[in-house]
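Subject: Structure handover

Hello,

Here is the structure we talked about. Please open it and keep it beside you as you read the notes below.

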Amino acid sequence: MVEIIRRLIMGGITLGLITGNSDSIMQFYDETVAMARQVATAGDLRTISLMLDYEYLKKGRLPKGEKFNAWLARNFKENELKQIMVDHWGNPMAYRISRDQKSYLILSAGPDGILDTEDDIKRSGP
C-alpha cells in the first residue's frame with residue numbers, strides 16, 4: 001500500500017516540479033507516507049491481535065514470549081515483501097505477555113523507532 005501511494009505521489013511531484021509547487025507537494029508526500037505507515041502498521045497489529053485472541057479462546061492461554069516467533073511462523077505465511085513482526089518503519093515490533101499468560105501487548109515503536117514513547121502504536125488483548 002505504501003509503495004502504491006509512493007508511486008502516485010512521485011508522479012504528482014513530477015507534475016509539481018513542472019508547475020512550481022514542489023515544496024507543497026513534497027510536504028503532502030511526506031505526510032501521506034507517514035499516515036500510510038501508521039495505518040498499515042496498525043492493521044498488522046490488529047491482524048496479529050485477532051489471531052492471538054483466537055489462540056486464547058481455543059487453548060485458554062497465549063504463546064509464551066520465547067515461543068512467540070514459532071507461533072507466528074505456524075500462523076502467518078511470511079513473504080519476501082514484509083515480515084509480519086516488522087513495522088512499516090523497518091523496526092521490529094514487540095510482544096509482551098502477562099505472567100498468567102492471559103493478556104498481551106503487541107507494539108510498534110512508531111516513527112521514532114524507540115519503544116515506550118508517546119508515538120508507539122499498541123494493541124492489547126484479549
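K59 and E55 pair through their side chains in a salt bridge, at 3.4 Å from N to O. This is a predicted model. Both residues sit in helix α2, four residues apart, so about one helical turn separates them. Their exposure is as follows. K59 is partly exposed, because its relative accessibility is 43%. E55 is buried, because its relative accessible area is 8% and the cut-off for buried is under 20%.

The count of salt bridges comes to two. The other pair is D116 with R96, where the side chains meet at 3.0 Å, N to O. D116 belongs to the loop between β2 and β3 and R96 to strand β1, so this pair ties together parts 20 residues apart in sequence. D116 counts as exposed, because its relative accessibility is 52% and the cut-off for exposed is over 50%. R96 has a relative accessible area of 33%, so it is partly exposed.

D116 deserves a second look for its backbone. Its phi is positive, about 65°, although D116 is not a glycine. Q101 also has a positive phi without being a glycine, near 60°. Q101 is placed in the loop between β1 (94-97) and β2 (104-108). Is Q101 buried or exposed? Q101 counts as buried, because its relative accessibility is 17%.

One more backbone point, towards the end of the chain. The peptide bond from G125 to P126 is cis, and its omega is near -10°. P126 lies in the segment after β3 (121-125).

Now the overall layout. The protein has three helices and three strands. Starting at the N terminus, the elements run α-α-α-β-β-β. The protein has 126 residues, and 32% of them count as buried. Take the contacts with a separation of 6 or more: residues 24 or more positions apart account for 43% of these. The accessible surface comes to about 8,200 Å². Carbon and sulfur atoms hold 55% of that surface.

On to charge at the surface. Which residues gather in a patch of positive charge? They are K58, R61, K64, K67 and R74. R74 is part of helix α3 (residues 68-75). R74 counts as exposed, because its relative accessibility is 60%.

Next, two buried residues with their contacts. The contacts below leave out residues up to four places away in sequence.

T41 comes from helix α2 (residues 22-59). Its relative accessible area is 0%, so T41 is buried. What does T41 touch, not counting residues up to four places away in sequence? The partners are D87, H88, W89, M93, S108 and I121. Two of these can be placed from the ranges above: S108 falls within β2 (104-108), and I121 within β3 (121-125).

Y95 is in strand β1. Y95 counts as buried, because its relative accessibility is 13%. Not counting residues up to four places away in sequence, Y95 touches L52, L62, P63, K64, G65, F68, M85, Y104, L105 and I106. One of these partners, K64, is also a member of the positive patch. Y104, L105 and I106, again among the partners of Y95, fall within β2 (104-108). L52, another partner, falls within helix α2 (residues 22-59). F68 is on the list too, and helix α3 covers residues 68-75.

There is also a C-alpha distance for Y95. Y95 and N69 are 26 residues apart along the chain, and their C-alpha atoms are separated by 9.6 Å.

A similar note concerns M26, which is placed in helix α2. M26 has a relative accessible area of 35%, so it is partly exposed. The C-alpha atoms of M26 and M10 are separated by 9.0 Å, with their positions 16 residues apart along the chain.

If you have time for three places, try these. Look at the D116 and R96 salt bridge, at 3.0 Å from N to O. Look at the cis peptide bond from G125 to P126. Then look at Y95 in strand β1 and its contacts, including L62 and M85.

Best wishes

Methods
Residues are numbered from 1 along each chain as its sequence is written. This is a predicted model: local features need pLDDT of at least 70, side-chain atom pairs count only at pLDDT 80 or more; totals for chains, interfaces and linings use all residues. Side-chain values use heavy atoms; hydrogens and water are left out. Patches are made of residues with over 30% relative accessible area and no salt bridge: like charges are joined within 9 Å, nonpolar side chains (Val, Leu, Ile, Met, Phe, Trp, Tyr) within 5 Å. Accessible areas come from the Shrake-Rupley method with a 1.4 Å probe; for residues, only the protein chains shown count as cover. A salt bridge is a side-chain nitrogen of Lys or Arg within 4 Å of a carboxyl oxygen of Asp or Glu. Lys and Arg count as positive and Asp and Glu as negative; His and the chain ends are not counted. The place of a charge is taken as NZ of Lys, CZ of Arg, CG of Asp or CD of Glu. Helices (H or I, at least four residues) and strands (E, at least two) are DSSP runs, numbered from the N terminus. Buried means under 20% relative accessible area, exposed over 50%, partly exposed in between (1.4 Å probe, protein chains only). Contact means heavy atoms within 4.5 Å.
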